[in-house]
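Welcome to a short set of exercises on reading a protein model. Keep the sequence and the 3D view open, and try each task before you read its solution.

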Amino acid sequence: MVGFEPDSFSIEEAWEGSDSLGEENPIENVTKAQSRLQRRKKAERARVRARKAEESGIPVKQVAWTRRSAIVQTNAVVSTEATEVDLKVAEGGWVGSQKKAASKPSSDVQTLLDKGFRLIKWDGREPKAIVDKVGRVIAVLAGMPGGSFQEAVTDATAAFEAQGQRLASEGGGNLRGQFHQALAGFSHGGGTERPTATSSPTAYSHASKALSSNPAVIRLACFQNQAFKTYFPATHTYYETKMLRIKQHHPSLKFPFVDAFPSAAFNMGPQTVCKPHKDARNLAFGLCPVTALGDFDHQKGGHLVLEELELVVEFPSGSTALIPSAVITHSNTTIGTNEKRYSFTQYASGTLFSYVENGMCTDKEFLREASKKQKAEWKGERELRWAKGLALFPFIDSYQ
Ligand SMILES: O=C(O)CCC(=O)C(=O)O
Ligand SMILES: [Fe+2]
């Protein structure tokens with residue numbers, strides 16, 4: 001869908017030279033033929049995007065950039081005292097800290113406010129940026145587009161509800177809370193040797209298929225991607241570049257919606273209220289879009305709680321937020337017993353990126369084949385990984 005590249009905005013080159021490890025690597029050699037193929041595929045993708053944009057009739061171009069500069073002009077900036085030290089990363093810099101935190105239940109708003117959390121009122125439409133102590137944008141409340149988007153929200157909500165109801169008898173429950181969750185796409189890590197298609201339990205595979213192909217959900221996915229590109233342009237480029245390499249190397253793996261995100265999660269409730277958690281396997285310096293759906297009073301519950309930032313953010317149905325889900329503990333506040341809440345997210349596991357950076361192999365395989373010099377470079381890169389990843393986050397000034 002949507003694809004605009006205003007000339008006025010130059011995306012900083014994401015991680016200049018970060019591919020060099022892959023190029024010299026003994027296992028993979030990127031040939032000229034591959035880069036021709038890459039160019040052809042890029043052109044083909046641009047054609048498909050243009051055609052889809054035309055078919056959907058969605059006004060594509062300028063809107064998002066205007067909304068981004070409005071954040072600065074209207075001072076819709078939430079300043080926090082967070083520093084990079086508050087964001088815990090695992091050794092190697094690819095994924096969040098895997099240390100198990102004590103499992104805590106979700107809270108209600110008042111309990112959090114009593115603990116000193118700050119309430120961020122949000123209409124779910126006008127974007128706001130959340131910045132750390134030095135003005136680095138670490139999360140964005142992207143809002144939602146106007147026009148017919150609301151219809152997509154209504155249709156997507158109905159689809160989540162219908163799929164959730166089909167599953168009602170199954171009970172539900174996952175690590176994040178007591179709700180049904182189906183997954184789509186592929187992932188890597190936790191012992192896999194190659195990127196592997198996500199296998200939902202059989203009961204969930206129908207929901208995963210139905211929601212992945214639902215036009216309203218596709219529209220939400222495209223908006224999430226557009227928001228990611230708008231507010232975190234360098235990170236988005238990094239995702240697309242690395243995921244293209246995966247696509248070329250493993251053509252049978254299917255991206256559920258867009259080329260930047262290899263995985264999606266459909267949280268079908270009926271009461272999607274996440275307990276405090278980090279999605280530590282996701283890329284440590286990555287962003288994860290979350291769209292809230294359902295029928296609940298967003299002033300009373302369903303808030304997005306960002307623990308290290310001590311924020312409780314109103315999160316109305318239909319709105320999208322972009323959060324670094326691997327390094328910030330997040331959860332939702334409780335909702336009323338008769339209320340319904342669903343959510344939809346896209347994400348990417350950190351190990352997929354290290355796999356590409358290694359030249360399409362695991363760390364173990366890389367180290368087995370690498371020369372002494374390559375090993376030394378590899379170690380050096382690991383030490384710099386988090387700093388380089390952090391450098392992809394924009395500063396609020398760049399939104400002017
Ligand atoms: O529903 C939400 O607001 C958050 C969803 C989430 O964090 C998850 O699925 O991991
Ligand atoms: Fe999460």
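Angles between helix axes are sorted as follows: under 35 degrees counts as roughly parallel, over 145 as roughly antiparallel, 65 to 115 as roughly perpendicular, and the rest as oblique. The axes are lines fitted to C-alpha atoms, for helices over the stretch in contact, and the angles run from 0 to 180 degrees between N-to-C directions.

This is a predicted model, in which local features need pLDDT of at least 70 and side-chain atom pairs count only at pLDDT 80 or more, while totals for chains, interfaces and linings use all residues. Residues are numbered from 1 along each chain as its sequence is written, and chains are lettered from A and ligands numbered from 1 in the order in which they are written.

**Exercise 1. Describe how H5 packs against H7.**

Step 1. Find the two helices: H5 covers residues 149–166 and H7 covers residues 215–231. Helices (H or I, at least four residues) and strands (E, at least two) are DSSP runs, numbered from the N terminus.

Step 2. Take the geometry: the axes are 8 Å apart and the angle is about 120 degrees. H5 and H7 are therefore oblique to each other.

Step 3. List the residues that touch. On H5 they are Ala-152, Asp-155, Ala-156 and Ala-159, and on H7 they are Ala-216, Val-217, Arg-219 and Leu-220. Two residues are in contact if their C-beta atoms, placed from the backbone, lie within 7 Å.

Step 4. Sort them by class: six are nonpolar, none is polar and two are charged. Here Ala, Val, Leu, Ile, Met, Phe, Trp, Tyr, Cys and Pro count as nonpolar, Asp, Glu, Lys and Arg as charged, and the others, Gly among them, as polar.

**Exercise 2. Repeat the analysis for H5 and H6.**

Step 1. H6 spans residues 202–212, and its axis comes within 10 Å of that of H5, crossing at roughly 170 degrees.

Step 2. H5 and H6 are therefore roughly antiparallel to each other.

Step 3. H5 brings Ala-159, Phe-160, Gln-163 and Arg-166 to the contact, and H6 brings Ala-207, Ala-210 and Leu-211. By class, that makes five nonpolar, one polar and one charged.

**Exercise 3. Which residues have the most contacts inside the largest nonpolar core?**

Step 1. Start with the whole protein: 46% of its 400 residues count as buried. Buried means that 20 or more other C-beta atoms lie within 10 Å of the residue's own; exposed means 12 or fewer, and partly exposed is in between, with C-beta atoms placed from the backbone.

Step 2. Look for the core, a set of buried Ala, Val, Leu, Ile, Met, Phe, Trp, Tyr and Cys residues joined through C-beta atoms within 7 Å. The largest one has 91 residues, and Val-140, Phe-266, Ala-284, Leu-306, Ala-321, Leu-322 and Ile-323 have the most contacts inside it. H7 supplies the largest share, nine residues.

Step 3. Zoom in on Ile-323. Leaving aside neighbours within four places in sequence, its contacts are Ala-139, Leu-287, Cys-288, Val-290, Leu-306, Ile-328 and His-330.

**Exercise 4. Is Met-360 buried or exposed?**

Step 1. Place it: Met-360 is in the loop between H9 (350–357) and H10 (363–369).

Step 2. Met-360 counts as buried because it has 20 C-beta neighbours inside 10 Å.

Step 3. Check the backbone: phi of Met-360 is near 65 degrees, a positive value in a residue other than glycine. Gly-359, just after H9, also has a positive phi, of about 85 degrees.

Step 4. Turn to H9 itself, where eight of eight residues are buried.

**Exercise 5. Examine three loop residues, Glu-310, Pro-270 and Gln-299.**

Step 1. Glu-310 sits between S9 and S10 (311–313). Its phi is positive, about 55 degrees, although it is not a glycine. With 15 other C-beta atoms within 10 Å, Glu-310 is partly exposed.

Step 2. Pro-270 belongs to the loop between S7 (263–267) and S8. The peptide bond leading to it from Gly-269 is cis, with omega near 10 degrees.

Step 3. Gln-299 lies between S8 (288–295) and S9 (304–306). Gln-299 is partly exposed, since it has 13 C-beta neighbours inside 10 Å. Its C-alpha atom is separated by 9.6 Å from that of Asp-123, 176 residues apart along the chain.
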